[in-house]
Amino acid sequence: MFALNLPSYNFAVKKEKSRLQIFDSQRKKYVALTPEEWVRQNFIRFLIEEKHFPPARIAVEYTIKTNDSEHRCDAVVFGKNGKPQIIVEFKAPQITINQTIFDQIAVYNYHLKVDYFMLSNGLQHYFCRVDTENLQYEFLSEIPDYQIFK
């Protein structure tokens, strides 16, 4: 694929019906290797290997049901207490992370009520603490190790 602003990892990739697929170790299956999926696979591996996030606490394509529709979070990280702690949104590298993307996560958070957001297009990564009282995000300088979470 292409270089990202993340450590380099090896993945199982295969070609099926002229399309590349990558093995998603979280979902335990091969999925289409799109630019966004490339970011997801690398970023989740970064969280697990570098930031010590337990794989069992990361749910990929987590569905939220609202009154009349379903929304899908790219990933949700659960805290040690078993409750959603972080919503993670991935975009392809050519997609600029902007307010619209933060607003998308805010809609998800209306239902999940997490304390943190992570966003990445593979080149830029954002980690934010949610300030629910003031309806703001506090941008943190780096993604912490999983140990700090509840």
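**Two sheets, two helices and a pocket**

Visitor: Which element gives the largest share of the lining of the largest pocket?
Guide: In this predicted model, the largest share of that lining comes from H2, which supplies 3 residues. H2, S8 and S9 are the elements that each supply at least two of the lining residues.

Visitor: What makes a residue part of the lining of the largest pocket?
Guide: A residue belongs to the lining if it has an atom within 4 Å of a point of the pocket. The residues that line the largest pocket are Ala-106, Asn-109, Tyr-110, Lys-113, Phe-117, Val-130, Asp-131, Thr-132, Leu-135, Gln-136 and Tyr-137, and the pocket has a volume of about 210 Å³.

Visitor: How many residues of this lining are nonpolar, polar and charged?
Guide: The lining divides into 6 nonpolar, 3 polar and 2 charged residues. Tyr counts as nonpolar and Lys and Asp as charged, so Tyr-110 goes with the nonpolar residues and Lys-113 and Asp-131 with the charged ones.

Visitor: What makes S8 and S9 a pair?
Guide: Two strands pair if there are at least two bridges between them; S8 and S9, which run antiparallel, are joined by 5 bridges, and therefore they meet that condition. Val-130, which was named in the pocket lining, stands opposite Tyr-137 in S9. In the hairpin of these strands, with 4 residues between them, Leu-135 takes a positive phi near 50°.

Visitor: How do you know that S7 and S8 pair?
Guide: The condition is again at least two bridges, and 5 bridges join S7 to S8, which run antiparallel, so these strands count as a pair. One of the bridges sets Met-118 against its partner Phe-127 in S8. S7 and S8 form a hairpin with 4 residues between them, and in its turn Gly-122 has a positive phi of about 90°.

Visitor: Why are S4 and S9 said to stand at the edges?
Guide: The open sheet has 6 strands, in the order S4-S5-S6-S7-S8-S9, with mixed pairing. Strand S4 (58-65) and strand S9 (136-140) each have a single partner strand, so one side of each is left without a neighbour in the sheet. Neighbouring strands of this sheet are turned by 35° against each other on average, with direction ignored. Within the sheet, S5 (residues 70-78) and S6 (residues 84-90) run antiparallel and are joined by 4 bridges, and Val-77 has Ile-86 in S6 as its bridge partner.

Visitor: Which strands of this sheet does helix H1 touch?
Guide: Helix H1 (residues 35-49) packs on the sheet and touches S4, S5, S6, S7 and S8, its direction making about 145° with that of S6. Helix H2 (residues 99-112) lies across S4, S5, S6, S7, S8 and S9, and runs at about 150° to S6.

Visitor: What makes S1 and S3 the edge strands of the other sheet?
Guide: This open sheet has 3 strands in the order S1-S2-S3, with antiparallel pairing, and S1 (13-16) and S3 (29-32) each pair on one side only. Helix H1 lies across S2 and S3 as well, running at about 25° to S2.

Visitor: Which element has the lowest mean pLDDT, and which the highest?
Guide: H2 has the lowest mean pLDDT, 85, and H1 the highest, 97. For the protein chain the mean is 92, and 99% of its residues reach 70 or more. Where pLDDT is low, the predicted coordinates should not be read in detail.

How values were computed: Residues are numbered from 1 along each chain as its sequence is written. This is a predicted model: local features need pLDDT of at least 70, side-chain atom pairs count only at pLDDT 80 or more; totals for chains, interfaces and linings use all residues. Side-chain values use heavy atoms; hydrogens and water are left out. Axes are lines fitted to C-alpha atoms, for helices over the stretch in contact, and angles run from 0 to 180 degrees between N-to-C directions. Contact means heavy atoms within 4.5 Å. pLDDT is the predictor's confidence in each residue, from 0 to 100. On a 1 Å grid over the protein atoms alone, a cavity is a set of points where a 1.4 Å probe fits but cannot get out, and a pocket is an open set with protein on both sides within 12 Å along at least five of seven lines; lining residues have an atom within 4 Å of a point. Grid points are joined across faces, edges and corners, and a volume is the space filled by probe spheres set on the points.
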